[in-house]
Each structure stands twice: as C-alpha cells, then as structure tokens.
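Work through the exercises below with the sequence and the model side by side, and try each task before reading its solution.

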Amino acid sequence: MSYTKTAVLPVSPDEAFALIAEPERLRRWLTVSAVVDLRAGGSYRWTVTPGHIAAGTFREVDPGRRIVFGWGWDGSADLPYDASTVTVTVEPADAGSLVTLVHEGLTEEQAKSHAEGWDHHFERLERLATTGDAGPDEWAYAPENLTPVVAAEAALAVLQPILRNLTDEDRSKPTPCADFTCHELAEHLFTSLVQLGATEGAPVSGSLENRVSTLAGRAIDAWHTVDLAGTVPGPGGSQMPASFAAGILPLELTLHAWDFAQASGQTLHISDELVDYVRGLAETIVPAVRGTAFADEVTPADGATPIDRLAAFSGRRPIAA
C-alpha cells in the first residue's frame, strides 16, 4: 500500500525544500526535535510527537527538488527503521511550490494511520508557509503514557513557541527567577541542559529556540538510553535513582517555559495533564533542593491555574503579582 499527499505552498521551491529538510524548520510543523544528516547514506531521527520517534536513512538527496528516505518507528516490530519509503518532491507552481509526498511499503492498516498523520502535519505545513506560524500542535499537547522522558519532550514542545517569539527587547526584562533577566536565564538553561544530559557535541549556534531545542534534544536522547529503574551518578560521587534525576529535565523545561512567558507577556499553552504529571515529579524533587535550586513555596492567587500553582510550589511569583 502507498499514500500520496500534496500541498501548494506560497513560497519558493528553495524555501519549501528548507521546510521539509532543515531541523529548525521541521520543528515548526512536524517535529518536537530533529537530527538530520542530509546526504545519501546519512540518517535522521525525528521526535514527531512526544513518545513517538521516527528514524531512518536518506537514500537520495537532490537539494531543492527531491528527498527519498527510509521510514520507521522506534521500538516498532511492525514498522522498524527504514522498513518503508517516503519520497518528497518539490516543483515550481504558479502559486509558489507544489510539494508531493508518497509513502510506500505500508500495510493497509499502516497506510490508514499514516494518512491521518500526514494529513494532520501537512495542514500545519500549509499554515506555516501561509501565515508564518503553524500554532501549537494539539497532538503534542497532552501525550499519553507519560514518563519523565516523554514529559521532557512535551515540555520542550511547550517551550519552543515561547522562545521563538522572544524579541531583542525581552533580553533585559526580569523573570520570576530572582536575579535572572531573560538573557541570563537563557544562559543558565544552556548550561543546565548540558549538565542534565551529561552530553557534549558540536557547538550550537543560531536562534535561542534552535540552541535550546538542540541541547534539549541531545539531553533527551541521552535519557532514552538510561534504565530509569536503576541509578545514575549524583553529586560528590554518590548514586541517585535514575527516575529522580530524569524528572529534573521536564520540571526545568516546564518552569522555564513559564518564566519566559511571564517575562515577555506571552500566553503559555500547556495541558493540565502535563502539568499534573510534572507536579508529581516536583513534589519529590523540589523539597530535596529547597533553599538552593528552589525558593520557599509561595501562596498562589485565588483561581490560579495548575501551571501557576506549580510555579508557586517552586517558589515563583507571577510577574504581575
């Protein structure tokens, strides 16, 4: 079985090709995180939605015109990496560019489920190309089967649009984190993400959203390889439960998304389901480092939302308070 999807985008073929090939563009409509080695024989790894990772190998790359790559899902016995084939072509059109996707090598059931997925994401692609913003992805909004790692992916999806919309004027604005401006909080987050993932890699440049997304993606990928039932190194050569350490990442991403939104006056789009899960992690993590990493709990305002209550539990007050 195969599935075909087309879209006419009001952008040039080079722009359309970038939207389907470059990680920073892919994160705006298709993925939460994306690692891409764009060459024949190179690989890719896309977290399409929290808890769902597609990966495979590029078979053909004709820049600006055509990409052919293997497609499969992490942990899937029915459709493992490279088990099916996706071909995307870009052609000039009167209104801009015609993008055609053909997904082959699927069973009837797989074709049906992938049709639903490609329809959803192509709608977001068309919206992005037309308006410049695909908006929050409801499929990433309240993921099922939450774990600390899946929650980190979901929290990153919440943080990304906030970071994209920060302006130069926001750099010097105070945040709910005492003594941190937006710029200083971003620098803190860069360092924290490297430490939380215990990872090193090529230097990351580009926009704030690109730097945070790349570093967070590396940290999350590192945690995917850890047995959360075991232990990991802690301070001073000690050992700590892996599940405790893994929970710090989604907590930090969630709270800093709130911090940046508060500082810049943006609306934070986050589900109560994700907040409730992260609050459960916080109730173990925060008391253990209260007074160092977190201030004393404050009383939330009457009618506070779940995310505002989580922030209050961590010692934060809204900017407007």
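**Exercise 1: aromatic pairs**

The count comes to eleven aromatic pairs, where rings of Phe, Tyr and Trp (its six-membered ring) pair if their centres lie within 6.5 Å, and planes under 30 degrees apart count as stacked, over 60 as edge-to-face and the rest as tilted. This is a predicted model, in which local features need pLDDT of at least 70 and side-chain atom pairs count only at pLDDT 80 or more, while totals for chains, interfaces and linings use all residues. Residues are numbered from 1 along each chain as its sequence is written, and side-chain values use heavy atoms, with hydrogens and water left out.

Task: classify the pair formed by Trp 29 and Phe 122, and state which parts it ties together.

Solution: The ring centres are 6.2 Å apart and the planes make 85 degrees, and the pair is edge-to-face. Trp 29 lies in the loop between helix 2 (23–26) and strand 2, whereas Phe 122 belongs to helix 3 (residues 108–131), so the pair joins parts that are 93 residues apart in sequence. Helices (H or I, at least four residues) and strands (E, at least two) are DSSP runs, numbered from the N terminus.

**Exercise 2: the sheet**

Task: give the strand order of the open sheet and identify its edge strands.

Solution: The seven strands run in the order 1-7-6-5-4-3-2 with antiparallel pairing, where two strands pair if DSSP finds at least two bridges between them. Strand 1 (2–9) and strand 2 (33–36) are the edge strands, each pairing on one side only. From one strand to the next, the twist averages 20 degrees. Strand 2 pairs with strand 3 (residues 43–49) in the antiparallel sense over four bridges, and Ala 34 has Trp 46 in strand 3 as its bridge partner.

**Exercise 3: helix packing**

Task: decide whether helix 6 is roughly parallel or roughly antiparallel to helix 5 and to helix 7.

Solution: The axes of helix 5 (residues 182–197) and helix 6 (residues 208–224) come within 8 Å and cross at roughly 20 degrees, which makes these helices roughly parallel. Axes are lines fitted to C-alpha atoms, for helices over the stretch in contact, and angles run from 0 to 180 degrees between N-to-C directions; angles under 35 degrees count as roughly parallel, over 145 as roughly antiparallel, 65 to 115 as roughly perpendicular and the rest as oblique. Helix 6 and helix 7 (residues 242–264) pack at about 160 degrees with axes 11 Å apart, and are therefore roughly antiparallel. Their contact (heavy atoms within 4.5 Å) involves Ala 219, Ile 220 and Trp 223 of helix 6 with Ala 242, Ala 245, Ala 246 and Leu 249 of helix 7.
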